[in-house]
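Open the model in your viewer and keep the sequence panel in sight. The stops below say what to select and what is found there.

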Amino acid sequence: MELKEKLLASYVAFENGINMNTDIHDIRTEALQNFEKLGFPTKKLEEWKYTSLNTILKNDFSIFPNKENSIQFADVKKYFIHDIDTYKVVFIDGKYSSFLSDTTHDGKDVCLMSSALSKSKYKAVIENYFNKIAKQDNLTSLNTAFVNEGAYIYIPKNVEVEKPIQIINFTTGNDVATMIQPRNLIVVEENAHVQIIERHQSLTENAVLTNVVTEIFSARNAHVDYYKIQNDNANASLIDNTYIDQKTNSVVSVHTFSFGGNITRNNLNFFQKGEHIDSILKGVTIIEGKQHVDHNTLVHHIEPNCESHQDYKGIYNERSTGVFNGKVIVNKEAQKTNAYQKNNNILISDKATINAKPQLEIFADDVKCSHGCTIGQLDEMALFYMQQRGIPIKEAKALLMYAFANTVLESVKIPELKKRINKIIAAKLGVDIGFDL
Amino acid sequence: MLKINNLYAVIDDKSILKGLNLDVKAGEVHAIMGPNGAGKSTLANIIAGKEEYEVTQGDIELNGEDISELSPDERAHNGVFLSFQYPVEIPGVSVTNFIKTAINENRKAKGLEDMPAKDMLKLLREKSELLEIDRKFLSRSLNEGFSGGEKKRNEIFQMAMLDPKLAILDETDSGLDIDALRIVANGVNKLKSKDNAVIVITHYQRLLEYIVPDFVHVLFDGRIVKTGDASLALELEEKGYDWIKQELV
């Protein structure tokens, strides 16, 4: 049976197996019908022209892993930012792991989507926010239809969360192939501030497909820093659908570090619903082998006097392929918009490919919008210059690549995270260099 | 120190050096002058090991060892330093981080540990004072947005940090105003010793008023066609190169 049919056929059994309230049931049913109509995306869709899910979808996925799998902290410690204190919301094969987690209800909620969806005390928040900004497209609808678990984070007015929150999804692969669909909801009220790190990690060589949806609501003056670490193994694919709703004076930044995985698709969508908003989208992609990373970004400037800053850097080795599809829409009302988009790529091997496509749709006349896109190789003169000073070619290349990625790294606000990412990059480049950019 | 024997080199099938000989001993300063296109910068790049050039005949010896098969970084580890005519901009790497990396890679090649941070700081302070370089300058991205003079001064600063055996200054005077020229020349003179050697490549006599050469060579059509003392540079300044071309005919 094809995956689509398998998913549709299991829906009733799935809903019977979980706690539900009527409102959510209605949202789910509608989403399922939507998915049934749309199906999985194909390359015929403009937005999916360069990314094909065909080979992944052929796997016989187990879609609701129902065994409780446990893992030892020592075995997975390295996937955490463990040298600082953090809140943790951890899932194993889509199920909450209380053992690995560290949640809170003390002045804020850092907990589970399953309880938020089923308990009455969260009803108001769910009614106001759940599925309100998510696009009703094929993969998001699929996630909504099977919504059950994920992180639920609610930060009340004026609360500055004292430590970062880590959301980690492990897959153990006790089944041949696993599909999981986490659903996160993050509501940050007026003047509140939170830092979140999200990671998906497969612990198996078996195929994994993660179709995650995250909705983030940032109220007036709120500040959200969100970091995505994508450094999964070669058989794990990720479709990340993130939707961000920003109100007046809020600042939201999303950093996406894509260092590994089979196929990684990032659908990152910002909607500016107020004035003096700043949206920051940054990414570093360093891949090799046959890996594929596709960044599909949207910034929708709806109101006047807002800014957006995009800076994506990509380094592609061997036969890896990359896509950058960055869309900026400026509504007629959104005068005085400042929208910047930068996408720079280095192809290390002549077999690597990058497809870059900036799309600007500007309907206002008093705006500053710029985009710059480059595709190149490492600068031979710079390499000779560095070698002349005694730096061997391998280290010289690494130094150039570090420098290239540095404009993105330097805006990471959690020092331990920055250090960790530096280490991952050094390991990927196969060098141990004694500098810290 | 440096001995070049009957060197022939080509790039894209075009002959650039055609039987060049040069003998530079420790403690000496050599100037290489000559008209545009004579092969001066090519010679500098070939000594430093730039790979586009193919040496078809002859060899380059440094302290008795043939270095013509070594990579540019290996030559650097053996004490060769080239001050570039056009230093390359490297955005995202600060002057300090770059020079620290270079020093530690040179030490690594010699089997030494990284230089202790305290010593590194002391060295940075000492050498930046020598070249009259502001501390803020050191945290800027390497050569990015530097003026012509700042780039050249930064080259000599790196030379001071690395303390090479053989320094080749390729058109270091171009783009320098008179004050910067004085600072750069002063730096080079302070670094000079009986154990190292300097090759100054220049169009003009101006720099040689500050860095006084023991020998002046005229490079023309891929060969050294005339050698003299410092007075030859003055003569060239006055009379140009045509009389040398005449002599050759």
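**Where the chains meet**

This is a predicted model. Start with the contact between chain A and chain B, to which chain A gives 21 residues and chain B gives 25 residues. On the chain A side, select helix H8 (380–388) and helix H9 (393–409), each of which supplies at least two residues to the surface touching chain B. H9(A) makes the largest contribution to that side, with seven residues. Coloured by residue class, the chain A side splits into 13 nonpolar, six polar and two charged residues.

**Domains of chain A**

Next, colour chain A by its domain assignment: domain 1 (1–224 + 235–255), domain 2 (274–279 + 289–376) and domain 3 (378–437). The centres of domain 2 and domain 3 of chain A, taken over C-alpha atoms, are 24 Å apart. Their contact uses four residues of domain 2 of chain A and six residues of domain 3 of chain A. On the domain 2 side, strand E16 (residues 307–316) of chain A provides the largest share, three residues. That side holds two nonpolar, no polar and two charged residues.

**The open sheet of chain A**

Stay with chain A and show its strands. Ten of them make an open sheet with mixed pairing, in the order E2-E1-E5-E8-E10-E12-E14-E16-E18-E20. Which strands stand at the edges? Strand E2 (95–96) and strand E20 (368–376) of chain A do; each has a single partner strand, so one side of each lacks a neighbour in the sheet. At the E2 end, strand E1 (residues 87–92) of chain A is joined to E2(A) by two bridges, and the two run antiparallel. To see this pairing, select Phe91(A), which stands opposite Tyr96(A) in E2(A).

**A loop residue, Asn305(A)**

Now pick Asn305(A), in the loop between strand E15 (292–301) and E16 of chain A. Is Asn305(A) buried or partly exposed? It counts as partly exposed, because it has 16 C-beta neighbours inside 10 Å, while a buried residue needs 20 or more. Leaving aside residues up to four places away in sequence, Asn305(A) touches Glu275(A), His276(A) and Lys336(A). Select Thr337(A) as well: it is 32 residues from Asn305(A) in sequence, yet their C-alpha atoms are 5.2 Å apart.

**Strand E10 of chain B**

Move to chain B and select strand E10 (197–201). Five of its five residues are buried, so E10(B) is largely enclosed by the rest of the structure. Turn the strand to view both faces: Ala197(B), Ile199(B) and Ile201(B) point one way, Val198(B) and Val200(B) the other. E10(B) has a parallel partner in strand E3 (residues 29–33) of chain B, with four bridges between them. Val29(B) has Val198(B) as its bridge partner there. Strand E9 (residues 166–170) of chain B also runs parallel to E10(B), joined by five bridges, with Leu166(B) opposite Ala197(B).

**Two helices of chain B**

Helix H7 (residues 178–191) of chain B has 14 residues, and its end C-alpha atoms are 20 Å apart; this agrees with the 20 Å it should span at 1.5 Å a residue. Leu181(B), Ile183(B), Val184(B), Ala185(B), Gly187(B) and Val188(B) are buried in H7(B). The buried residues of H7(B) pack against helix H4 (117–130), helix H6 (148–162) and E10 of chain B.

Then select helix H3 (residues 95–109) of chain B, which reaches 21 Å from its first C-alpha to its last. H3(B) is mostly covered, with eleven of its 15 residues buried. Among the buried residues are Phe98(B), Ile99(B) and Ile103(B), but also Lys100(B) and Glu105(B). Just past this helix, find Gly111(B), where phi is positive, at about 80 degrees.

**The nonpolar cores**

Finish with the largest nonpolar core, which has 158 residues; Tyr152(A), Val188(A), Leu399(A), Ile168(B) and Val200(B) touch the most other members. H9(A) gives the most to this core, eleven residues. Centre the view on Ile168(B), whose contacts beyond four places in sequence are Ala44(B), Ile47(B), Phe81(B), Leu82(B), Ser83(B), Ile199(B) and Ile201(B). Apart from the largest core lies another, of 22 residues, including Phe61(A), Met179(A), Ala207(A) and Ala236(A).

Terms used
Residues are numbered from 1 along each chain as its sequence is written. Chains are lettered from A and ligands numbered from 1 in the order in which they are written. This is a predicted model: local features need pLDDT of at least 70, side-chain atom pairs count only at pLDDT 80 or more; totals for chains, interfaces and linings use all residues. Two residues are in contact if their C-beta atoms, placed from the backbone, lie within 7 Å. Ala, Val, Leu, Ile, Met, Phe, Trp, Tyr, Cys and Pro count as nonpolar, Asp, Glu, Lys and Arg as charged, and the others, Gly among them, as polar. Domain bounds come from an automatic or database domain assignment. The expected span of a helix is 1.5 Å times one less than its number of residues. A residue is buried if 20 or more other C-beta atoms lie within 10 Å of its own, exposed if 12 or fewer, and partly exposed in between; C-beta atoms are placed from the backbone. A nonpolar core is a set of buried Ala, Val, Leu, Ile, Met, Phe, Trp, Tyr and Cys residues joined through C-beta atoms within 7 Å. Two strands pair if DSSP finds at least two bridges between them.
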